[in-house]
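Here is a short briefing to read with the model open beside you. It goes through the nonpolar cores, the charged pairs and a few single residues.

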Amino acid sequence: MTTSASVPAGPEGAIAGPVTDRLVEANQRYATAFTDPGMDARPVLGVAVVACMDARLDLHAALGLKLGDCHTIRNAGGVVTDDVIRSLTISQRALGTRSIVLIHHTGCGLESLTEEFRHELEMEVGQRPSWAVEAFRDVDQDVRQSMQRVRTSPFLVHTDDVRGFVFDVKTGRLREIDPA
């Protein structure tokens, strides 16, 4: 497996050449050997995973998942926002998922931000963002809050199998969070 750490870097560690060009070239190589797996959009395991977008989380490897096993929804912090509820609602009501796994992680960048970030953006660009930063100090409590948001959403029909975890970026282990 190639990681960005093994990609040739230019000055100050920047990746040499346009990254998007590299990705398109990689896709061309991928497509030459690609065969249609014959799947539809319904996840085989009937599960949706909501996780942080952090590049250190290889969710499929960490959870033993294969292509087609789950829906994966990622954002900064793995926070359950209105858009995550939208995606989960479609996942459940249109595509048959019944279980939801929420994964936050240690060392998350949202732990070092505050809502002041929105104010700074407003000062810089002249417009206040319509979204909340959703920063937090206690990752366990934020997982509990995310579980509560899922369980109380009127749009989700399957809220009996919602579990939350913290992924340790140093050990690769999940630690389950008690919702209470």
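What follows is a tour of selected side chains and their surroundings.

Please keep in mind that this is a predicted model. A good place to begin is the largest nonpolar core, which holds 23 residues. From there we can move on to the salt bridges, of which the count comes to seven, and then to two more residues, arginine 118 in helix H4 and proline 37 in a loop.

**Nonpolar cores**

- Within the 23-residue core, Leu88, Ile100, Leu102 and Val150 touch the most other members.
- Five elements give two or more residues to this core: strands S1 (47-52), S3 (99-105) and S4 (162-167), together with helices H3 (82-93) and H5 (139-151).
- Helix H5 is the top contributor to this core, giving four residues.
- Isoleucine 100 is a handy residue to click on: leaving aside residues up to four places away in sequence, its contacts include Val47, Ala48, Leu88, Val150, Leu156 and Val162.
- Polar and charged residues also touch isoleucine 100, among them Gln92, His158, Asp161 and Arg163.
- There is also a second, separate core of eleven residues, and its members include Val49, Ala51, Leu65 and Ile103.
- As general background, nonpolar side chains tend to be buried together in soluble globular proteins.

**Salt bridges**

- Side chains of opposite charge can pair when their charged atoms come close.
- Arginine 86 and aspartate 83 form one such salt bridge, with their closest N and O atoms 2.7 Å apart.
- Both of these residues sit in helix H3, three residues apart, or about one turn of the helix.
- Arginine 86 has a relative accessible area of 48%, so it counts as partly exposed; aspartate 83, at 44%, is partly exposed too.
- Glutamate 122 pairs with arginine 128 in another salt bridge, where the closest N and O atoms are 3.1 Å apart.
- Glutamate 122 is partly exposed at 24% relative accessible area, and arginine 128 is partly exposed at 39%.

**Glutamate 134 and arginine 149**

- Which parts of the chain does this pair link? Glutamate 134 is in the loop between H4 and H5 and arginine 149 is in helix H5, 15 residues apart, so the pair is described as linking distant parts of the chain.
- Their side chains meet in a salt bridge at 3.3 Å, N to O, and the two side chains also make a polar contact at 3.3 Å.
- Arginine 149 is partly exposed, with a relative accessible area of 28%.
- Beyond arginine 149, glutamate 134 touches Val79, Leu110, Glu115 and Gln145, again setting aside residues up to four places away in sequence.

**Arginine 118**

- Is arginine 118 buried or exposed? Its relative accessible area is 15%, and because the cut-off for buried is under 20%, arginine 118 counts as buried.
- Arginine 118 belongs to helix H4, which spans residues 116-125.
- Arginine 118 touches Arg128, Pro129, Ser130, Trp131, Ala132 and Val133, not counting residues up to four places away in sequence.
- One of those contacts, Arg128, is the arginine that forms a salt bridge with glutamate 122.

**Proline 37**

- Look for proline 37 in the loop between helix H1 (19-33) and strand S1.
- Proline 37 is partly exposed, at 43% relative accessibility.
- Proline 37 and glycine 68 are 31 residues apart along the chain, and their C-alpha atoms are separated by 9.0 Å.

Note on methods
Residues numbered from 1 in each chain as written. Predicted model: local features only at pLDDT ≥ 70, side-chain atom pairs only at ≥ 80, totals over all residues. Heavy atoms only, no water. Core = buried A, V, L, I, M, F, W, Y, C linked by side-chain atoms within 4.5 Å. Buried < 20%, exposed > 50% of the residue type's maximum accessible area, 1.4 Å probe, protein only. Contact = heavy atoms within 4.5 Å. Polar contact = N/O pair within 3.5 Å; in protein donor to acceptor, adjacent residues only side chain to side chain. Salt bridge = Lys/Arg side-chain N within 4 Å of Asp/Glu carboxyl O.
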